[in-house]
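Dear colleague,

I am handing over the structure we spoke about, and below it you will find what came out of going through the model. Please read the notes with the structure open beside them.

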Amino acid sequence: MTEAVLSFDLGTGGCKAALVDRAARVVGTAFVAYDTDYPAPGRHEQRPADWWDAVVRSARELLAADAGRHEVVAVGLSGHSLAMVPVDADANPLLPAVPIWSDIRGEDAAAAYFGPGGPSEDTWYDRTGNGFPRGMYTVFKAAWLRAEHPDVAARTVRILGSKDWVNARLTGVQRTDQSYASGSGAYDLATRRMLPDVLAALDLPDGWWPEIVPSTAVVGRVTADAAAATGLPVGTPVVAGGVDNSCMALGAGLDRAGEAYVSLGSSNWVTVAAAEPVLDPVGRPFVFDHVLPGLYISALSTFGGGSSLNWLAGVLGRDGDLDALLDEAAAAPVGADGLTCVPTLAGGTVAEGGPAVRGAFLGLDLGHTHGHLARALVEGIGFSLADAARAMLVDVPAEITATGGGARGRLMLQVLADLIGRPVSRPAAAQHGAALGAATLALLGTGAWTGTGPLRAARHAALRVDPRPELADAYALPRARFDAARSATRTHATATASK
């Protein structure tokens, strides 16, 4: 029996469990989906009970498939950011469904905080690096809780994030790490500490925020109850883990300054690792602490990625047939025969027009097919990510790494290579980036590794595509149409918000 660590990646669409050995090989995976509810405009909720059920089911499925070939010696978690789980002293959730990262119910609290007499939003951004639309951040969601549910707030002992709540279920210990805390809306990137003035201005108790520890710190051990539920050995050490953006960066190989990758998941982003945060008051890159000490990750994103492709497949009656739909898209010509898509169906970043912006298909005619629709959507995602790459990458690397479920097909990689002008490669473990990053933290935190050398040694490209400069002219008109369409959607969002 050889040693391995079990990692969990709590994504927007479900939980992926991965068994990773000491040579950084992913030797087994299991996935359990869970739902997101949309009870009102701007409200995106999940049930912590569903997270736990997914952790339990994926762990049991994976351990059963492994049949005892590996001894699990540690556990690490990655979790989607900006979730707000109010809990009591025993980590019981005080709301059955909680806001996740894309939920903007904190907007009213944010507007009041930055209103007359309040601080400048630019100053807050410079301190925190929080470049998502402000209403998404945890402190403003917590302020919403105090205003809208004072009875729940009165019973709240702690506000936990997604992976921190699961860690508490596994160990009974309530902690967070720097990477997750940096998405709270009240974390100072310079000092790597919470900002008491922000909490005080929002009338939020200091005690609501869990103690911050390194991402590799062992926060506790699997309890008897958690062991009975998951099948993990009692006493298995559990490390703090990290926010999904930072774990994915580590899993993609960003373990030192100057490296970059593009994530192709439910939402998409271009990320760089650096010793200093990349801040820009116009484009508003979002910044998180890296899960490795001394580094930050900075990124520009588009929210319309895999979630928009899945929506299209569902609307077209092609659920479960996305790969075939993308094959049809690949057969359509560059420019999709005049069809243009702005992929911000889930709202946008600050640069894209904010949470009020919506997506669009323009130029539809009776000759367009399912393949044209999918091609236009993929190109819209590609144009958005190419803009992000130009803004973030002062020195564009010779080759860009792509990770996430969207990297499994050739079309998205080819479009990115064409538009960025660099080869794009997909690592063999591209769909396990965040889980591999969380596993790395477990291996480092328990002393199985003393550095990230094994992670680097295990990386190799499963697919590499080269740019096609001869298509530059073919992309010129579709690019111009996209820019005009995106400008129109921003204008429409601004006009709608002002009514």
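A contact here means that heavy atoms lie within 4.5 Å. With that meaning, among contacts in the protein chain between residues at least 6 apart in sequence, 72% join residues at least 24 apart. Please keep in mind throughout that this is a predicted model, and that every value quoted here is computed from it.

On the overall fold, the secondary structure of the protein chain comes to 17 helices and 25 strands. The radius of gyration is 22 Å, close to the 23 Å that the globule rule gives for 499 residues, so the protein chain is as compact as a globular protein of that length. The C-alpha trace spans about 60 × 60 × 45 Å along its principal axes, and 58% of the 499 residues count as buried. The protein chain exposes about 18,700 Å², of which carbon and sulfur atoms supply 53%.

Turning to the pockets, I looked at the second largest one, which has a volume of about 250 Å³. Its lining is made up of 17 residues, and those that lie nearest the centre of the pocket are A252, A260, E399, T401 and R459. Two elements give two or more residues to this lining, namely strand 23 (400-403) and strand 24 (424-427), and strand 24 gives the most, with three residues. Sorted by class, the lining of the second largest pocket holds seven nonpolar, five polar and five charged residues.

Two backbone positions also deserve a look when you inspect the loops. Most residues other than glycine have a negative phi. A67, however, has a positive phi, near 55°, without being a glycine, and A336, which is not a glycine either, has a positive phi of about 50°. A67 is found in the loop between helix 1 (48-66) and strand 6 (70-79), while A336 has its place in the loop between helix 12 (322-331) and strand 21 (340-342).

Which of the two classes, buried or exposed, does A336 fall into? Since buried means under 20% relative accessible area, A336 is buried, because its relative accessible area is 0%. The cut-off for exposed is over 50%, and A67 is therefore exposed, with a relative accessible area of 60%.

With best wishes

How values were computed: Residues are numbered from 1 along each chain as its sequence is written. This is a predicted model: local features need pLDDT of at least 70, side-chain atom pairs count only at pLDDT 80 or more; totals for chains, interfaces and linings use all residues. Side-chain values use heavy atoms; hydrogens and water are left out. Helices (H or I, at least four residues) and strands (E, at least two) are DSSP runs, numbered from the N terminus. Buried means under 20% relative accessible area, exposed over 50%, partly exposed in between (1.4 Å probe, protein chains only). On a 1 Å grid over the protein atoms alone, a cavity is a set of points where a 1.4 Å probe fits but cannot get out, and a pocket is an open set with protein on both sides within 12 Å along at least five of seven lines; lining residues have an atom within 4 Å of a point. Grid points are joined across faces, edges and corners, and a volume is the space filled by probe spheres set on the points. Ala, Val, Leu, Ile, Met, Phe, Trp, Tyr, Cys and Pro count as nonpolar, Asp, Glu, Lys and Arg as charged, and the others, Gly among them, as polar. The radius of gyration is taken over C-alpha atoms; the globule rule is 2.2 Å times the number of residues to the power 0.38. Accessible areas come from the Shrake-Rupley method with a 1.4 Å probe; for residues, only the protein chains shown count as cover.
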